[in-house]
Amino acid sequence: MSHHITEGKDLFYAYPDGHQAVNGISFRIHHGESVGIIGANGAGKSTLLMLLTGILMPANGEVIIGEVRLNKDNMAMIRQRLGMVFQNPDDQLFMTTVHDDVAFGPRNLKIDEPQVEQRVVSALEQVGILHLKDRAPFHLSAGEKRAAAIASVLSLMPDILILDEPTSSLDPKSRRRLMKILGGFEHTKIITSHDLDMVLDICQRVIVMKDGQAIADGPAKGVLTNKVLMEEAGLEMPLSLQGCPVCGGEKT
Amino acid sequence: MSNIVNAMYNIRQFDELARRDSLIHRMHPLAKLLATLVYTVLLVSYDKYATIALLPFVFFPVYVAAAAKIPLEPLLKRLLYIEPMIVGIGLLNPLFDHGTVVVLGYAISSGWLIFLSIFLKGTLAVTSALLLIATTGMDGVALSLRKLMVPKIFVLQMMLTYRYISVLLEEAARTVQAYDLRAFSSQRLKREVWGPLLGQILIRTMDRAQRIYDAMCLRGFSGEYCIGKAARPGWKDIIYVMTWGVLSAAFRGINLPLWLGNLLTGAGK
């Protein structure tokens with residue numbers, strides 16, 4: 001894995017209907033960091049991820065991946081270093097088998113088929129679903145689909161993993177399993193989520209977004225325990241940091 | 001609603017059938033495609049009055065379905081969807097062609113004979129195409145088409161259309177379900193909601209298709225649908241193509257039912 005940074009410099013983006021989704025955000029994420037991007041609905045988190053991956057191009061500002069400024073000419077090259085897992089795994093899994101979905105990326109890179117096979121097996125092993133490789137994606141449970149979607153980007157051997165709401169619609173056991181998988185990755189991780197307990201568990205650093213701007217950027221525990229800040233952003237402190245719901249006692 | 005869900009199930013059922021393991025499934029996709037192509041070309045090359053001579057062509061789909069253990073029900077269901085089109089194409093002949101032809105000593109309306117010929121040819125050709133998909137899968141068919149130098153843009157179009165059908169059906173099922181749950185008074189879709197619902201389905205499908213396309217681009221998709229590489233065809237595959245090529249040509253060259261009839265009745269002596 002090459003040492004590099006992921007940087008957003010003064011990013012602006014407005015949708016065609018005029019909604020200013022990202023409004024001058026800047027950040028710099030270092031190699032190996034796990035960064036949670038949190039905020040209320042409509043804060044601009046998903047738009048920011050789309051700007052980072054080049055799905056959308058910023059109206060102003062620049063995205064820099066590994067010292068290279070993202071533009072249309074180098075997008076294909078830069079995207080090899082980014083692995084984005086979409087919020088809805090059904091958007092990502094469209095082949096007839098899990099194997100073919102995981103092989104889709106490496107095959108597009110024109111890698112030899114034996115190597116593609118190695119990558120597929122390795123990616124599926126990393127997320128613990130090698131036994132599902134010949135199953136059809138639509139037959140999988142939500143947790144298995146999520147794991148398959150993550151495997152489909154791991155097979156590209158990205159330096160940076162970008163995950164949009166990875167624990168949404170997962171049952172507690174699948175969520176815990178996914179967190180264990182994510183915790184085991186050494187990649188740079190950029191995670192947007194409303195699951196603040198997961199963010200607290202996985203991420204060392206948190207960026208809080210409100211109205212397309214970053215209103216806080218700092219160590220996860222410090223940010224997530226700041227009740228005033230959380231309320232300002234339309235959020236609540238993680239449940240694990242809140243007081244006892246029965247006796248009302250403060251968390252110690 | 002249940003019709004849409006059934007349609008989704010049917011599409012996926014063929015994908016699942018293609019993942020089974022059998023003698024036919026293990027054949028190289030190119031061999032299956034070539035055998036089906038040769039069979040279909042020879043089948044449709046008969047003159048417009050051919051009916052009884054077509055009967056030996058039943059062997060190919062029957063053999064493939066039996067050897068691949070393809071259940072009849074999904075196959076016949078799909079065939080039933082297509083049959084109205086085949087009947088529609090053939091049905092004009094009895095209306096406009098009032099001539100007569102003599103078959104086995106009986107005078108028969110030539111229009112109806114042409115209709116029967118079109119019906120048989122259409123049914124057999126569609127059945128063999130369905131069996132090709134049920135034993136090879138769309139990916140395998142696409143791979144074979146590329147091997148036959150079919151331009152990648154056509155193969156891509158075919159594959160994306162096939163994928164888009166599932167996306168369209170999923171979004172249609174969700175939209176109709178949302179309507180059903182709140183349309184307490186009526187079971188059927190009211191005419192006045194057809195427009196808004198269709199518009200909703202179209203917009204949602206396009207959004208979904210865009211997200212899928214984004215996901216594809218993020219994984220290096222650049223206009224070519226890379227399906228992987230199948231192993232080189234082996235001698236079994238060559239024998240398969242040759243056998244069905246020779247048999248189809250023999251069926252085409254020799255009127256087997258007539259020959260058998262003559263043999264049994266001694267009419268040819």
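Below, a biologist and a modeller talk through a predicted model with chains A and B.

Biologist: Let's begin with the layout of chain A. How far apart do the C-alpha centres of domain 1 and domain 2 of chain A lie?

Modeller: Happy to start there. The domain assignment gives domain 1 of chain A as 1-81 + 158-252, with domain 2 of chain A covering 92-157. Between the C-alpha centres of these two domains of chain A, the distance is 25 Å.

Biologist: Which element gives the largest share of the side of domain 1 of chain A that touches domain 2 of chain A?

Modeller: The contact joins 11 residues of domain 1 of chain A to 8 residues of domain 2 of chain A. By class, the domain 1 side has 6 nonpolar, 3 polar and 2 charged residues. The largest share of that side, 4 residues, comes from residues 172-184 of chain A, which form helix α6.

Biologist: Now for the contact between the chains. Which element gives the largest share of the side of chain A that touches chain B?

Modeller: Chain A puts 25 residues into this contact and chain B puts in 20. On the chain A side, the residues divide into 11 nonpolar, 8 polar and 6 charged. Two elements of chain A give two or more residues each, namely α2 (75-79) and α3 (98-108). The largest share, 6 residues, belongs to α3(A).

Biologist: Let's move on to the sheets. Which strands are at the edges of the sheet of 6 strands in chain A?

Modeller: This open sheet has mixed pairing and runs in the order β6-β7-β8-β3-β9-β10 (chain A). Its neighbouring strands are turned by 15° against each other on average, direction ignored. The edge strands each pair on one side only, and they are β6 (82-85) and β10 (213-219) of chain A.

Biologist: Which residue is the bridge partner of R205(A) in β10(A)?

Modeller: R205(A) belongs to strand β9 of chain A, residues 205-210, which pairs with β10(A) in the antiparallel sense over 6 bridges. In β10(A), the partner of R205(A) is P219(A).

Biologist: Something also packs on that sheet. What angle does the direction of helix α1 of chain A make with that of β7(A)?

Modeller: Helix α1 of chain A spans residues 45-53 and touches β3 (34-39), β6, β7 (160-164), β8 (188-192) and β9 of chain A. Relative to the direction of β7(A), that of the helix makes an angle of about 150°.

Biologist: Chain A also has an open sheet of 4 strands. Why is one side of β2 and of β5 of chain A left without a neighbour in the sheet?

Modeller: The order here is β2-β1-β4-β5 (chain A), with antiparallel pairing. β2 (20-29) and β5 (68-69) of chain A stand at the edges, so each is left with a single partner strand.

Biologist: Which residue of β4(A) is opposite T6(A)?

Modeller: Strand β1 of chain A (residues 6-14) and strand β4 of chain A (residues 60-65) pair in the antiparallel sense over 5 bridges. One of the bridges in this pairing has E7(A) with I64(A) as its partner in β4(A). Opposite T6(A) stands I65(A).

Biologist: Which residue takes a positive phi in the hairpin of β1(A) and β2(A)?

Modeller: These two strands pair in the antiparallel sense over 7 bridges, and in β2(A) the bridge partner of G8(A) is F27(A). The hairpin has 5 residues between the strands. The residue with a positive phi, near 95°, is G18(A).

Biologist: Over to chain B. How many helices and strands does chain B have?

Modeller: The C-alpha trace of chain B spans about 75 × 50 × 30 Å along its principal axes. From the N terminus on, its elements run α-α-α-α-α-α-β-β-α-α-α-α-α. That makes chain B a chain of 11 helices and 2 strands.

Biologist: Are α4(B) and α7(B) roughly parallel or roughly antiparallel?

Modeller: The axes of helix α4 (residues 59-67) and helix α7 (residues 110-147) of chain B come within 9 Å and cross at roughly 25°. Angles under 35 degrees count as roughly parallel. The two helices, α4(B) and α7(B), are therefore roughly parallel.

Biologist: And how do the residues of the contact of α4(B) with α7(B) divide by class?

Modeller: The crossing of these two helices is left-handed. From α4(B), F60(B), P61(B), V64(B) and A65(B) meet L124(B), T127(B), S128(B), L131(B) and T135(B) of α7(B). By class, the contact residues divide into 6 nonpolar, 3 polar and no charged.

Methods. Residues numbered from 1 in each chain as written. Chains lettered and ligands numbered in written order. Predicted model: local features only at pLDDT ≥ 70, side-chain atom pairs only at ≥ 80, totals over all residues. Domains from an automatic or database assignment. Contact = placed C-beta atoms within 7 Å. Nonpolar A, V, L, I, M, F, W, Y, C, P; charged D, E, K, R; others polar. Pairing = 2+ DSSP bridges. Axes fitted to C-alpha atoms, helices over the stretch in contact; angles between N-to-C directions. Parallel < 35°, antiparallel > 145°, perpendicular 65-115°, else oblique. Left-handed = near helix turned anticlockwise from the far one by under 90°.
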